[in-house]
Amino acid sequence: MAPILELRSVKAFYGQSEVVHGIDLAVEEGGMTVLLGANGAGKTTTLRAICGMVRSEGEILFAGKRLDRRATEDIAGVGVAHVPEGRGTFIGLTVEENLRLGGYTRPRNAPANMERMYGYFPILAERRRQQGGALSGGEQQMLAIARALMMEPRLLVLDEPSFGLAPRVVEDIFKIVERIKKEERVSVLLVEQNATLALESADHAYLLETGYVVASGSAKALADDPQIRRAYLGY
Amino acid sequence: MHEFWQQVFSGLAAGSVYASVALALVMIYRSTDLVNFAQGEMAMFSTYIAWTLVNAGMPFWGAFAVTLIVSFVGGMVIERVVIRPVENAPVLAAVVVTIGLLLIFNSVAGWIYTYTVQDFPSPFPDRPLFHALITTRDLGVIAVTLIMLVLLFLFFRFTSTGLAMRAAAQNPASARLCGIRVGRMLAIGWGLAAAIGATAGIMVAPVLFLDPNMMGGVLLYAFAGALLGGITSPVGAVVGGLIVGVTENLVGTYLIASQLKLTVALALIILVLVFRPNGLFGTAIVRRV
């Protein structure tokens, strides 16, 4: 199957300094790909390059069309939904308003989509009139995922959904992401520190070190690689 | 007692003008973290446009509507052309730009219309009402302000553009990821602020008379009102503006000579900054980490 997202020798920059040094990467249609690596390996920067939030060189192809050099807001419009590091919650707006903003580019289907999101995340329905900032970390992560899905994306980009959450909550989040991937027919690109859990859910994985891809393959193959196990899985 | 209430009501009329300008200041502050010192002069210039149209024989409310539209477009153009280039510059640079705009509008208005004080027509007759408690003119000014506030509230609360503007002001990066054109939202914000200012200018001109320096004092009162309400709160701006209007009137009547009224605004600004920098309604966003 053709990849939904393809990076061809992509470099990414923070200001003048190059952080990602020409990586190749692909996400299969309907698949879940995970980017692993230590802090500062360039995972978040790679995701930001895809969404035009940092300067990049090289080709970024989404469904065969170039994304590089397009504005962030246009990339959102073509079907890439990015849940940023820190979740990007509009803390002063209500849960419902956060979801309405997610549906900004798809106003016609927004009411129906919102009901579907409340189906996935009943807690958000309960809290729909509360301010986004009053939610717990796990609830905010759910809100961020729901907000992204309101865009009817073909690719969901998640930047460390487990960040700052209790292990049980993280498991719930991963379960719901797997379910959403199937039911919403969305491909997923994920950055994650929790390598064990990520490799269980994903079907493909890339390992980044200081801006280079140092290993890639099926999630299972990476999980079985003794070196990677020692360095990233801790057993 | 009768005189007291008279002063309160006429204070509310003046206060609603301050409230409008304060609201314009707060809107721009929230979206760009910038105090637009040119807000008053932009409003003054808009008022001259209305004056020109009325003198050309246009009916008052027609001139009012045309002026609002021209001001809205003008505000957007100012954001695009003058403010955008300094968007990422240090705050001081942007502040200097707005002060530059203040001087430019003031001088250009003087150059086109001269510094001669002009009569400005009021759309409302000046008759006493309710045993002379309030005049029809003051009531009209208050009513126009209220209608404007309600329309703005509905716009921000219920339209998708209004919601997108609030989102862009709060978290521009996240707004972009939702597909919102943040730059356009900022421009619309400047347009709205200019139109709100224009309304204030047109409402106050029959009282203050029109000249290029007409809005100087108003801007100061509005600034005091915005600070009192909390510079980040639209509701606070309106309440603060009204409080300043009433206080100014009462203090001018009972405590000090009315020539010294402007010091009330200055004293208030200092008091707020020293004792309650967040104002009455400053940001109280619930946050959990």
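Colleague: How many residues does the contact take from chain A, and how many from chain B?

Modeller: Two residues are in contact if their C-beta atoms, placed from the backbone, lie within 7 Å, and here 24 residues of chain A and 19 residues of chain B take part. On the side of chain A that touches chain B, α2 (72-78) and α3 each supply at least two residues; helices (H or I, at least four residues) and strands (E, at least two) are DSSP runs, numbered from the N terminus. That side divides into 11 nonpolar, 10 polar and 3 charged residues, where Ala, Val, Leu, Ile, Met, Phe, Trp, Tyr, Cys and Pro count as nonpolar, Asp, Glu, Lys and Arg as charged, and the others, Gly among them, as polar. This is a predicted model, in which local features need pLDDT of at least 70, side-chain atom pairs count only at pLDDT 80 or more, and totals for chains, interfaces and linings use all residues. Residues are numbered from 1 along each chain as its sequence is written, while chains are lettered from A and ligands numbered from 1 in the order in which they are written.

Colleague: What ipTM and pTM does the predictor give the complex, and which elements of chain B have the lowest and the highest mean pLDDT?

Modeller: The complex has an ipTM of 0.89 and a pTM of 0.84. pLDDT is the predictor's confidence in each residue, from 0 to 100; its average for chain B is 86, with 97% of the residues scoring at least 70. Among the elements of chain B, strand β1 (residues 128-129) has the lowest mean, 76, and helix α3 (residues 60-83) the highest, 93. Over residues 284-289 of chain B the pLDDT stays under 50, although the model has 12 contacts beyond four places in sequence for this stretch.

Colleague: Why do the buried residues of α4(A) line one face of the helix?

Modeller: An α-helix has 3.6 residues a turn, so residues three or four places apart point the same way. In α4 (residues 110-120) of chain A, the residues A110(A), N113(A), M114(A) and M117(A) are buried, a residue being buried if 20 or more other C-beta atoms lie within 10 Å of its own, exposed if 12 or fewer, and partly exposed in between. Seen down the axis of α4(A), these buried residues fall within an arc of 100 degrees, so they line one face; the arc is that of the directions from the helix axis to the C-beta atoms. They pack against α3 (95-102), α5 (122-126) and α6 (137-149) of chain A, whereas the face turned away carries the exposed residues P111(A), A112(A), E115(A) and G119(A).

Colleague: Which strands stand at the edges of the open sheet of chain A?

Modeller: Two strands pair if DSSP finds at least two bridges between them, and the open sheet of 6 strands has the order β6-β7-β8-β3-β9-β10 with mixed pairing. β6 (80-83) and β10 (212-218) of chain A stand at its edges, each with a single partner strand, so one side of each is left without a neighbour in the sheet. Strand β9 (residues 204-209) of chain A is joined to β10(A) by 6 bridges, running antiparallel, and E209(A) has Y212(A) as its bridge partner.

Colleague: Why does A12(A) count as buried?

Modeller: A12(A), in strand β1 (residues 3-14) of chain A, counts as buried because it has 27 C-beta neighbours inside 10 Å. Beyond four places in sequence, its contacts include V19(A), T45(A), A49(A) and S56(A); A49(A), although 37 residues away in sequence, is 6.1 Å from A12(A), C-alpha to C-alpha.
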